[in-house]
Amino acid sequence: MAGAEGAGFRLAPGDPVELGGCVVEGVIAVGAGPGGANTVYRAVAPDGSAVSLTVLRGAGYAGCAAQVEAARR
């Protein structure tokens, strides 16, 4: 599925079923962001609202971590 985008992708073995208290329902995009290593999931928050959650890996994680650290300072 690498590089694929679009709604309705099913979870694959190894995909999370829960992230941060949210129930993961499916995959929105694979290969998103810098380096193509990020995955965007469709999920339901504890209050029942629909959310999208991005799991950052590689360059995406490094870039985001640097931005969060800069904002903290």
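**Exercise 1. State the accessible surface of the protein chain and the share that belongs to carbon and sulfur atoms.**

Solution. In this predicted model, the accessible surface (Shrake-Rupley method, 1.4 Å probe) comes to about 4,600 Å². Carbon and sulfur atoms hold 58% of that surface. Local features need pLDDT of at least 70, side-chain atom pairs count only at pLDDT 80 or more, and totals for chains, interfaces and linings use all residues. Residues are numbered from 1 along each chain as its sequence is written, and side-chain values use heavy atoms, with hydrogens and water left out.

**Exercise 2. Give the order of helices and strands along the protein chain.**

Solution. The pattern is β-β-β-β-β-α, that is, five strands and one helix (DSSP runs: helices H or I of at least four residues, strands E of at least two, numbered from the N terminus).

**Exercise 3. Identify the salt bridge partner of Glu25 and explain what the pair ties together.**

Solution. First, a salt bridge requires a side-chain nitrogen of Lys or Arg within 4 Å of a carboxyl oxygen of Asp or Glu. Glu25 meets Arg42 at 3.6 Å, N to O. Next, Glu25 lies in strand E3 (residues 22-32) and Arg42 in strand E4 (residues 38-44), so the pair ties together parts 17 residues apart in sequence.

**Exercise 4. Determine which residues are joined with Glu69 into one salt bridge network.**

Solution. Glu69 forms a salt bridge with Arg72 at 3.9 Å; the two are three residues apart in helix H1 (residues 58-72), about one helical turn. Glu69 also forms a salt bridge with Arg73 at 3.9 Å. Shared partners thus join Glu69, Arg72 and Arg73 into one network.
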